[in-house]
Amino acid sequence: MKTHIFSILMLITSITFSQETFTGMIMDKNNPKGNLGVMGANVWWLNTNVGTTTNEKGWFTLPYKEEYKKLVVSFVGYKTDTLEVKSLKPIHHFLTESAVLDEVTIEAKKQATQRSYLQTQNLVTINSEELLKAACCNLSESFETNPSIDVNFSDALTGTKQIKMLGLTSPYLLITQENIPSIRGASQAFGLTFTPGAWVESIQITKGAGSVVNGFESISGQINTELVKPSTDNKLFVNAYGSMGGRLELNTHINQKVNDKWHTGLYVHGNYRGSKFDRNKDGFLDNPLAKQINVLNRWQYTNAEKGWVSFLNVHYVNDNKQVGQLDFNPDIHRGSNSVWGSEIKTNRFETSAKVGYVFPDLPFQSMGFQAAYSNHKQDSYFGLRAYDIRHQSFYSNLLFNSIIGDTRHKFKTGINFTHDSYDEFVRTATSDNFNRNENSIGAFFEYAYDNSDDISITAGLRVDAHNLLGTFVTPRLHLRYNPWDKGVFRASIGRGKRSANIFAENQKLFASSRAHIINGAGGDIYGLNPEVAWNYGVSFLQGFNLFGKKGDITFDFYKTDFENQIVVDWENPQEVSFYNLNGKSVANSFQVELNQNIIPYFNTRFSYKYYDVTTDFASGNLSKSLLAKHRFFANISYETPKTLKQSNWKFDVTYNWIGEQRLPGSVAYTKPYDLINTQITRVFSNKFEVYFGGENITNHKQSNPILGSEDPFGANFDTTIVYAPIFGSNFYAGLRFKLD
């Protein structure tokens, strides 16, 4: 049935849209970011009142009559051109800089969070301005002011925050860095903490089925992170941060222009937490003792005249955490049952390269190559249990973009290869080694129709040959329709497949007395079969003006239907079982979001979410534990107008109401609770600012987060049932200094 539905939807792409309109693209060869399209250029038929402006991609569409022969194109700072039109074939026109106008400076405030009316996919972009509204010390903490992502603590020990989207945890998301898969395999548990927030230029969140270009693993969506660019970042940037929770951080960026084509940047991050806190008096650290050194060297090559752009990254992380009882000393107590403690030591090296070429005379045609290598080594123990993992990964992707006939019909095609080598050692009641190699090669084709006005379609298909998952097909389809001004309907359907890393993705379960049981059925990975799911989604976005101020409202509904899922069953307090799904597992997600500008510089965002996530466990059909069915979110931000010295104040408040959550192993539910975060920033100039704020300022805390804390080597010890903050309120302060 699902295949038939997808086939019917694919037929839509064969429809020919005929209309008496004229379409074209206005471009600028010298755009340093490589986005050739010019937004806001004026286009009109000579000696008429029929005209328009180009959209954010540089496209325009005009009504056409036979008597229209000449087209006028103008844009501030460029020569006004008059073009002769002889047919309805779309044009591609490059602007020429004006020799009369020396310099024009236009300042406009870009929205911190943007929803596109033109993208086919349901895409939300978070830029650096939004990230500065919170402490945002690493990527896992970058979503506090965005309602599309849920952020929760994963356990009662490590202080690590886990993200969820559409009611599913991060392993079901494709998390990429500049469209190269990054947080996967061994890095699932802690990898989001390895990207400092100060390194992030923007984040793109895509709900539902992703693009076939980026692989077959995406099930519930994609999160792509764009890092700051050496050519556009500040020459010097310093960010210092300290909190009452004992956390100290320092970020430093140093960027240098080597010559007209080469730029390089060195980004250094360090954090340290050495203070011990036990506010709930259970004898365990509320926050881990931790230190991290994180270094990135980035090179950028740009030759806009010849159409080349490339990036080279070299990244190293050393991260150490110590958790457990207050008196734990690893030099004395490691391996003993006198004092419970844990250490997690990670060394990660990765390097990546991207090369892109845009054909100078065919700006709609380009080629790209991506390659990345990572070596992840984690040594860890949890009391008397040990978990070590080595993961080496190689990824490559060759991509070609062009058109079919005219630029309304575009396509992407290419091949990619992925290699993953896993070496895992697990010691619980027994010791086991789990080693495997995964190799896959895939080819993809993605067709996109966009009439630059009201309809766009993206249909993709990829075929992959995997040594453990077999040969399989991954289809994806996205539709967009604009029936009226600023009204956008979207729909999507797609299939995803992945191999579950049951230990790396569920490391928190080692910090308990639960027995680990794998009920395999002859599969090639831990004796289990791969996870397969279909995702369906519809959304509607409507922009509006209320009392002359901009606003928008969005309605989303997504359903994820698993054909197979690795069920992580911890309903029995004495064990955790991993087994293939036998029955149904469905995740339904509904969200409504309202954004409204009230007065200049004063913005509000409100959201309500409802989740219905159920799985057939061995004990019966149950709703997902530790997942609130109802959530309400509100964010209010205000900033004062800038003075002549470019100084001002910024204020931000975020409110979350989290509904009741089912506790594992029971039908009991937690009580709803509220969280309030706030931050105030004083900008003294374009070079210097200070900020201070508070997280969970109402000091809400979960009582008794560690079960059996009085006997951590006993049968009832469990640190995994966490549904609310543990530390309570946390206040922080910091400064930012930069030189252009």
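Two strands are said to pair if DSSP finds at least two bridges between them. In this predicted model, strand β20, covering residues 289-303, meets that condition with strand β21 through 15 bridges, and the two strands run antiparallel. Within this pairing, the residue of β21 that stands opposite Lys291 is Asn320. The hairpin formed by β20 and β21 has four residues between its strands, and there Gly307 takes a positive phi near 90°.

Strand β21 also pairs with β22, again in the antiparallel sense, over 17 bridges. Here Phe311 has Lys354 of β22 standing opposite. An aromatic contact accompanies this pairing: Trp308 and Tyr357 form a tilted pair, with 4.6 Å from centre to centre and 40° between the planes. Trp308 belongs to strand β21 (residues 308-324) and Tyr357 to strand β22 (residues 341-358), so the pair ties together parts that lie 49 residues apart in sequence. Is Trp308 buried or exposed? With a relative accessible area of 39%, Trp308 is partly exposed.

A further sheet is found elsewhere in the chain. Six strands make up an open sheet of mixed pairing, in the order β8-β9-β15-β16-β13-β14. Its edge strands, each pairing on one side only, are β8 (113-115) and β14 (180-181). Within the sheet, strand β13 (residues 173-177) pairs with strand β16 (residues 221-227) in the parallel sense over five bridges. Gln177 has Thr225 in β16 as its bridge partner. Such pairing in general relies on backbone hydrogen bonds between the strands of a sheet, either parallel or antiparallel.

The discussion now turns to aromatic rings. A search of the whole structure finds 36 aromatic pairs. One of them joins Phe22 and Phe60, a tilted pair with 6.2 Å from centre to centre and 50° between the planes. This pair links distant parts of the chain, as Phe22 lies in strand β1 (residues 21-27) and Phe60 in strand β4 (residues 59-63), 38 residues apart. Phe22 and Phe60 are both buried.

Ring pairs also build a cluster, whose members are Phe382, Tyr387, Phe434, Phe503, Phe510, Tyr526 and Phe578. Several of these residues return in the description of the nonpolar cores. The largest nonpolar core has 38 residues, of which Leu157, Trp340, Phe382, Tyr387, Ile502 and Phe503 touch the most other members. Two or more residues of this core come from each of the elements β21, β24 (385-404), β25 (406-427) and β34 (575-580). Which residues does Tyr387 contact when its neighbours within four places in sequence are left aside? Among them are Phe382, Phe503 and Phe510, together with Gln378, Asp379, Ser380, Glu424, Phe425, Val426, Ala504 and Gln507. Apart from the largest nonpolar core lies another core, of 20 residues, including Leu131, Leu139, Ile149 and Leu192.

Tyr526, a member of the ring cluster, also has a backbone feature to note. Although Tyr526 is not a glycine, its phi is positive, at about 60°. Tyr526 is located in the loop between β30 (515-519) and β31 (531-546). The cut-off for a buried residue is under 20% relative accessible area, so Tyr526, at 13%, counts as buried. Phe547 likewise is not a glycine and has a positive phi, of about 55°. The loop that holds Phe547 runs between β31 and β32 (549-564). In contrast to the buried Tyr526, Phe547 counts as exposed, at 79% relative accessibility.

Aromatic rings also meet charged side chains. The ring of Phe727 has the charged end of Arg279 over it, 3.8 Å from the ring centre. In another case, Arg436 lies over the face of Tyr422, at 4.0 Å from the centre of that ring.

Finally, the confidence of the prediction should be considered. The protein averages a pLDDT of 91, and 94% of the residues score at least 70. Over residues 3-19, however, the pLDDT is below 50, and this stretch has 21 contacts in the model beyond near neighbours in sequence. Residues 100-108 likewise keep a pLDDT under 50, and for them the model has three contacts beyond four places in sequence.

Methods: Residues numbered from 1 in each chain as written. Predicted model: local features only at pLDDT ≥ 70, side-chain atom pairs only at ≥ 80, totals over all residues. Heavy atoms only, no water. Phe/Tyr/Trp six-rings, centres within 6.5 Å; stacked < 30°, edge-to-face > 60°. Buried < 20%, exposed > 50% of the residue type's maximum accessible area, 1.4 Å probe, protein only. Lys NZ or Arg CZ within 6 Å of the ring centre and 35° of its normal. pLDDT = per-residue confidence, 0-100. Contact = heavy atoms within 4.5 Å. Core = buried A, V, L, I, M, F, W, Y, C linked by side-chain atoms within 4.5 Å.
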